[in-house]
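Biologist: I should like to learn how to read the features of a model such as this one. Please take me through them one at a time.

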Amino acid sequence: MLVTSFNCGWILSFSNLVMWPLGWTWGIICLIVVGFYTAYANWLLAAFHFIDDRRFIRYRDLMGYVYGKSMYHLTWVFQFLTLLLGNMGFILLGGKALKAINSEFSDSPLRLQYYIVITGAAYFLYSFFIPTISAMRNWLGASAVLTFTYIILLLIVLVKDGKSRSNRDYDLSGSEVSKVFNAFGAISAIIVANTSGLLPEIQSTLRKPAVKNMRKALYLQYTVGVLFYYGVTVMGYWAYGTMVSAYLPENLSGPKWINVLINAIVFLQSIVSQHMFVAPIHEALDTKFLEIDKAMHSGENLKRLFLLRAFFFTGNTFVAAAFPFMGDFVNFLGSFSLVPLTFMFPSMVFIKVKGRTARIEKKAWHWFNIVFSFLLTIATTISAIRLIVNNIQKYHFFADA
């Protein structure tokens with residue numbers, strides 16, 4: 001689940017969002033350093049699945065138990081916003097994949113917004129018929145096959161295109177100030193590439209011993225899994241340089257059948273991946289509005305489930321259609337909400353749970369993590385807002401981007 005979900009179609013934007021602002025040297029350094037830092041933070045958080053013989057299957061429950069109701073609500077707000085923005089990004093991604101298919105057969109494809117609506121409808125239907133993470137089990141195998149198929153085909157085309165292009169440009173453009181802000185945006189994108197803010201929820205689905213098995217899964221993600229999404233990120237930049245698109249398949253030279261197949265697989269795989277990341281929101285809404293004493297598929301609950309899913313995806317689809325800029329979703333997602341969830345909160349839990357018995361150097365390290373991630377949150381959020389403001393000034397709402 002981890003490997004296939006983190007190798008979803010989002011990785012097709014990282015060559016542009018990570019390598020283009022940083023260039024080769026800082027791009028590779030940041031990929032490695034932020035990747036290790038993220039792996040460590042998740043490894044640390046996995047240890048707190050049990051505290052005082054209590055099991056925590058939701059991040060907000062863990063933070064609420066350790067720090068009280070205020071942190072419970074703050075964690076849930078951060079998670080909710082992360083998942084909400086992530087789902088909007090998925091809808092935009094699916095729309096771009098469908099439009100790219102249409103572009104292979106027509107010189108005047110329909111506007112992007114039509115495909116965004118189609119994608120939102122497809123996600124809605126999947127979430128209605130497959131309402132929970134546990135119901136996804138039969139789909140994960142197919143998702144894994146689709147994931148590795150499109151990545152292998154993509155890498156083949158990238159190698160071919162890279163060898164045939166001799167005039168690639170890797171020079172960083174813009175003022176020094178814009179380069180700094182773009183660099184923080186790139187760091188946000190790397191964080192999005194490596195984490196989800198959902199580790200306790202994912203850990204709750206594992207067999208005992210949950211901590212050991214979660215860490216095994218993390219080892220797999222940050223060894224095997226990272227090779228694929230980092231590989232696509234680096235190879236995309238190598239093949240096209242500063243001309244690399246925010247949606248990588250737009251650069252592919254073909255042949256046509258490979259372009260169509262890659263985009264079709266990206267669309268299909270995104271249906272499964274988006275559902276895993278948005279499942280906690282569905283669960284919260286279902287718990288609040290469905291009749292718990294009745295079966296999920298009872299007549300009354302089916303009506304309520306239909307309305308909940310329809311309301312959710314209608315709102316997300318509208319926002320994605322009105323503001324169709326992939327980089328904005330990625331950078332904003334990786335800034336003010338995902339940075340605290342990934343780096344700050346695990347160290348806060350450590351200080352509270354193990355601070356009295358921990359050695360002084362360990363406590364100093366975790367206080368450093370807290371302060372550093374707080375400053376990083378501010379810097380990356382400013383960078384994300386700056387990008388959004390620039391796009392608002394440059395484009396109009398419902399742009400055919």
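**Reading the model**

Modeller: Let us begin with Asp 52, which is exposed at a relative accessible area of 58%. The cut-off for exposed is over 50%, and the model itself is a predicted one.

Biologist: Where does Asp 52 lie?

Modeller: Asp 52 is in the loop between strand S1 (50-51) and strand S2 (54-55). Asp 53 lies in that loop between S1 and S2 as well, and it counts as exposed at 81% relative accessibility.

Biologist: What should I note about the backbone of Asp 52 and of Asp 53?

Modeller: Examine the phi angle. Phi of Asp 52 is near 55 degrees, a positive value in a residue other than glycine. For Asp 53, also a residue other than glycine, phi is positive and near 65 degrees.

Biologist: Which residues are joined by a cis peptide bond?

Modeller: The angle to consult is omega. Lys 208 and Pro 209 are joined by a cis peptide bond, with omega about -5 degrees. Pro 209 is placed in the loop between helix H8 (199-203) and H9.

Biologist: How many helices and strands does the protein chain have?

Modeller: The chain has 13 helices and two strands. Its radius of gyration is 21 Å, close to the 21 Å given by the globule rule for 401 residues, so the chain is as compact as a globular protein of that length. The C-alpha trace spans about 60 × 55 × 40 Å along its principal axes. Of the 401 residues, 55% count as buried. Among contacts between residues at least 6 apart in sequence, 81% join residues at least 24 apart.

Biologist: How should a single helix be read, and what span does helix H6 reach?

Modeller: One compares its span with the expected one. Helix H6 (residues 137-164) has 28 residues and reaches 42 Å from first C-alpha to last, close to the 40 Å expected at 1.5 Å a residue. One then asks which residues are covered. An α-helix has 3.6 residues a turn, so residues three or four places apart point the same way. The buried residues of H6 include Tyr 150, Leu 153, Leu 154, Val 157, Leu 158 and Asp 161.

Biologist: Is Val 278 buried or exposed?

Modeller: Val 278 is buried, because its relative accessible area is 1% and the cut-off for buried is under 20%. This residue is in helix H10. Apart from neighbours within four places in sequence, Val 278 is in contact with Leu 83, Asn 87 and Phe 312.

Biologist: Where does Thr 242 lie?

Modeller: Thr 242 is in the loop between helix H9 (210-240) and helix H10 (256-289). At 18% relative accessible area, Thr 242 is buried. Beyond its neighbours within four places in sequence, it is in contact with Trp 20, Asp 169, Tyr 170, Asp 171 and Tyr 237.

Biologist: Let us turn to charged side chains. How many salt bridges are found in the whole structure?

Modeller: Side chains of opposite charge can pair when their charged atoms come close. A search of the whole structure finds nine salt bridges. Glu 291, Lys 294, Glu 300 and Arg 304 are linked in a network of them.

Biologist: Which partners does Glu 291 have in this network?

Modeller: Lys 294 forms a salt bridge with Glu 291, the closest N and O atoms being 2.9 Å apart. Glu 291 also forms one with Arg 304, where the closest N and O atoms are 3.1 Å apart. That pair links distant parts of the chain, 13 residues apart: Glu 291 in the loop between H10 and helix H11 (299-322), and Arg 304 in helix H11.

Biologist: How is Glu 300 joined to the network?

Modeller: Its side chain meets that of Arg 304 in a salt bridge of 3.0 Å, N to O. Glu 300 and Arg 304 both lie in helix H11, four residues apart, about one turn of the helix. Glu 300 is partly exposed at 30% relative accessible area, Arg 304 is partly exposed at 29%, and Lys 294 is partly exposed at 42%.

Biologist: Which residues make the nonpolar surface patch?

Modeller: Trp 26, Ile 28, Ile 29, Ile 32, Val 33 and Phe 36 make a patch of about 610 Å². Val 33, for its part, lies in helix H2 (residues 14-46). As for the whole chain, the accessible surface comes to about 18000 Å², of which 68% belongs to carbon and sulfur atoms.

Definitions and conventions: Residues are numbered from 1 along each chain as its sequence is written. This is a predicted model: local features need pLDDT of at least 70, side-chain atom pairs count only at pLDDT 80 or more; totals for chains, interfaces and linings use all residues. Side-chain values use heavy atoms; hydrogens and water are left out. Buried means under 20% relative accessible area, exposed over 50%, partly exposed in between (1.4 Å probe, protein chains only). Contact means heavy atoms within 4.5 Å. Patches are made of residues with over 30% relative accessible area and no salt bridge: like charges are joined within 9 Å, nonpolar side chains (Val, Leu, Ile, Met, Phe, Trp, Tyr) within 5 Å. Accessible areas come from the Shrake-Rupley method with a 1.4 Å probe; for residues, only the protein chains shown count as cover. A salt bridge is a side-chain nitrogen of Lys or Arg within 4 Å of a carboxyl oxygen of Asp or Glu. The expected span of a helix is 1.5 Å times one less than its number of residues. The radius of gyration is taken over C-alpha atoms; the globule rule is 2.2 Å times the number of residues to the power 0.38.
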